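Hi,

Here is the structure I said I would pass on. Have a look at it first, and my notes on what I found are underneath.

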Amino acid sequence: GDHRDLHSFPTRRSSDLFLLKGDSPKAEEYIIKALETNPKDTSAIAMSVSILTTMQRFDDALLGLKKLIRLKPHNANYKLACAELLFHLGRKEEADALFRKLLNSKPKRRFILEALHLYFSSIDDADALNQLEDLNRK
């Protein structure tokens, strides 16, 4: 991104180190500092989502994912992560809507297609699975 990313980079690195040592609260503290420098730093937000998920703070993680989707609406990884987390939290309708949105965006990346296949198989959605078959052939 822009030059502000460089600004928050050092604090982001130290949060990586804390995360490796298993100190989530400390890592979160550093990420918050990084985000104060540049609130649109998507890798810092992504890092915070991963920390919050580790700490089982799913609602906060969800807010982070939704922010990522707003900042980078074409990033399928963020949508997939959000759909999976919603599903995990039992928010099936929201998850389903997002899985379908992903399917309709005709993703090409193998692991996204596989995740969609898993989901639509689990709910026995033959139409969606056929759509996936078509995508796989392209």
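Start with helix α5 (residues 76–88) and helix α7 (residues 110–122): their axes come within 11 Å and cross at roughly 25 degrees. Angles under 35 degrees count as roughly parallel, so α5 is roughly parallel to α7. The crossing of the pair is left-handed. If you want to see who is touching whom, α5 brings Ala 76, Asn 77, Leu 80, Glu 84 and Phe 87 to the contact, and α7 brings Phe 111, Ile 112, Ala 115 and Tyr 119.

Do bear in mind that this is a predicted model, so every number here is computed from it.

Now for α6. This helix covers residues 92–104, and at 1.5 Å a residue its 13 residues should span 18 Å; the end C-alpha atoms are 18 Å apart, so the two agree. Which residues of α6 are buried? They are Ala 95, Asp 96, Leu 98, Phe 99, Leu 102 and Leu 103. Looking down the axis of α6, you will find these buried residues within an arc of 165 degrees, which means that they line one face of the helix. Glu 93 and Lys 101 are on the other side of α6, and both are exposed. As for what covers the buried residues of α6, that includes α5 and α7 again, along with α8 (126–137). Just after α6 comes Lys 106, and its phi is positive, near 50 degrees.

Helix α2 (residues 24–37) can be checked in the same way. Its 14 residues, at 1.5 Å each, should span 20 Å, and with its end C-alpha atoms 20 Å apart the expectation is met. The buried residues in α2 include Ser 24, Ala 27, Glu 28, Ile 31 and Ala 34. Those five cover an arc of only 120 degrees around the axis, so they sit on the same side of α2.

Finally, the chain as a whole. It has eight helices and zero strands, so you can read the order from the N terminus as α-α-α-α-α-α-α-α. Of the 138 residues in the chain, 41% are buried. Among contacts with a separation of 6 or more, 44% are between residues 24 or more positions apart.

Shout if you'd like to go through any of this together.

Cheers

How values were computed: Residues numbered from 1 in each chain as written. Predicted model: local features only at pLDDT ≥ 70, side-chain atom pairs only at ≥ 80, totals over all residues. Heavy atoms only, no water. Helix = DSSP H or I, 4+ residues; strand = E, 2+ residues; numbered from the N terminus. Expected span 1.5 Å × (residues − 1). Buried < 20%, exposed > 50% of the residue type's maximum accessible area, 1.4 Å probe, protein only. Arc of directions from axis to C-beta. Axes fitted to C-alpha atoms, helices over the stretch in contact; angles between N-to-C directions. Parallel < 35°, antiparallel > 145°, perpendicular 65-115°, else oblique. Left-handed = near helix turned anticlockwise from the far one by under 90°. Contact = heavy atoms within 4.5 Å.
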